[in-house]
Amino acid sequence: MQLIDTHCHLDFPVFDQDREALLARCRALGVTEYIIPAIAEDNWTRVMALAEQHDGLFYGLGIHPWYAGEQREGVMERLRTLVMSQPAGLVAIGECGLDLRSHVPQEGQLALFEAQVRLAADAGLPLMIHSVRANDTVAKL
């Protein structure tokens, strides 16, 4: 049986020491493909580079709601330009969405999520959604 991990942050530094060994163990168990979601502009390049280095790694580009308020002005224009250039390995927009827990900064979440929904529709790509205490709002969008 072939397995695909549709949401794993293999680009995170915690995997730097043993990423190769981890991928080899997972392949031996039947996990042959992965989709790595980006969380913010500062990791788009890292996610893309990692997917380029390994067979079976694909990625999404987006802005996770936790990092919405930290993004620099014009981030959506830069994301749109990158996505519309159709880089190899891009299979989704995300990780994006809404997280309405009180300890998560709310600034910019809704506007960025709406913009990423529009971008996904324009690019013909699926969304990788993070939704916490926001399922009704996410579904309406």
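Start by selecting helix α1 and turning its outward side toward you: the face turned away from the buried side carries the exposed residues E20 and A28. Keep in mind throughout the tour that this is a predicted model.

**Stop 1: the other side of α1**

Now rotate α1 (19-28) and colour R19, L22, L23 and C26, which are buried. Looking down the axis of α1, you will find its buried residues within an arc of 95°, so they line one face of the helix. What lies over them? Show β2, α2 and β3, which are included in what covers the buried residues of α1. Before leaving, step to G30, which follows α1 and has a positive phi, near 105°.

**Stop 2: the sheet**

Next, show the strands alone. They form an open sheet of 5 strands in the order β1-β2-β3-β4-β5, and the pairing is parallel. Which strands stand at the edges? They are β1 (3-5) and β5 (127-132); each has a single partner strand, so one side of each is left without a neighbour in the sheet. If you look across the strands, neighbours in this sheet are turned by 25° against each other on average, with direction ignored.

Zoom in on one pair. Strand β4, residues 90-99, pairs with β5 in the parallel sense over 6 bridges. Select G97 and you will find H130 of β5 standing opposite.

**Stop 3: helix α2 on the sheet**

Add helix α2 (residues 44-53) to the view. This helix packs on the sheet, where it touches β2 (31-37) and β3 (57-61), and its direction makes about 160° with that of β3.

Which residues of α2 are buried? Colour W44, V47, L50 and A51. These four cover an arc of only 135° around the axis, which puts them on the same side of α2. Their packing partners are α1, β2, β3 and α3. Flip to the face turned away from the buried side and you meet the exposed residues T45, E52 and Q53.

**Stop 4: the nonpolar cores**

Hide the ribbons for a moment and look at side chains. In soluble globular proteins, nonpolar side chains tend to be buried together. Here the largest nonpolar core has 29 residues, and those with the most contacts inside it are L10, Y34, L61, M76 and V83. The elements giving two or more residues to this core are α1, β2, α2, β3, α3, β4 and α4 (109-123).

V83 makes a good centre for the view. Leaving out residues up to four places away in sequence, V83 touches L61, L90, I93, L119, A123 and L125. Apart from the largest core lies another, of 6 residues, among them C96, L98, V117 and V138.

**Stop 5: a buried glutamate**

Go to E41, in the loop between β2 and α2. Is E41 buried or exposed? Its relative accessibility is 17%, and the cut-off for buried is under 20%, so E41 counts as buried. Show the side chains of E41 and R72: a polar contact of 3.2 Å joins them. Leaving aside neighbours within four places in sequence, the residues in contact with E41 are Q71, R72, V75 and R78.

**Stop 6: two loop residues with positive phi**

Most residues other than glycine have a negative phi. With that in mind, select Q86, in the loop between α3 (75-84) and β4. The phi of Q86 is near 55°, a positive value in a residue other than glycine. At 68% relative accessibility, Q86 counts as exposed, because the cut-off is over 50%.

The second residue to select is R133, placed in the loop between β5 and α5 (135-140). Its phi is also positive, near 55°, and R133 is not a glycine. R133 has 65% relative accessibility and therefore counts as exposed. Which residues does R133 contact, leaving aside neighbours within four places in sequence? They are L100 and R101.

For a last view, draw a distance between the C-alpha atoms of R133 and A49. They are separated by 33 Å, and the two residues are 84 residues apart along the chain.

Definitions and conventions
Residues numbered from 1 in each chain as written. Predicted model: local features only at pLDDT ≥ 70, side-chain atom pairs only at ≥ 80, totals over all residues. Heavy atoms only, no water. Pairing = 2+ DSSP bridges. Axes fitted to C-alpha atoms, helices over the stretch in contact; angles between N-to-C directions. Contact = heavy atoms within 4.5 Å. Buried < 20%, exposed > 50% of the residue type's maximum accessible area, 1.4 Å probe, protein only. Polar contact = N/O pair within 3.5 Å; in protein donor to acceptor, adjacent residues only side chain to side chain. Arc of directions from axis to C-beta. Core = buried A, V, L, I, M, F, W, Y, C linked by side-chain atoms within 4.5 Å.
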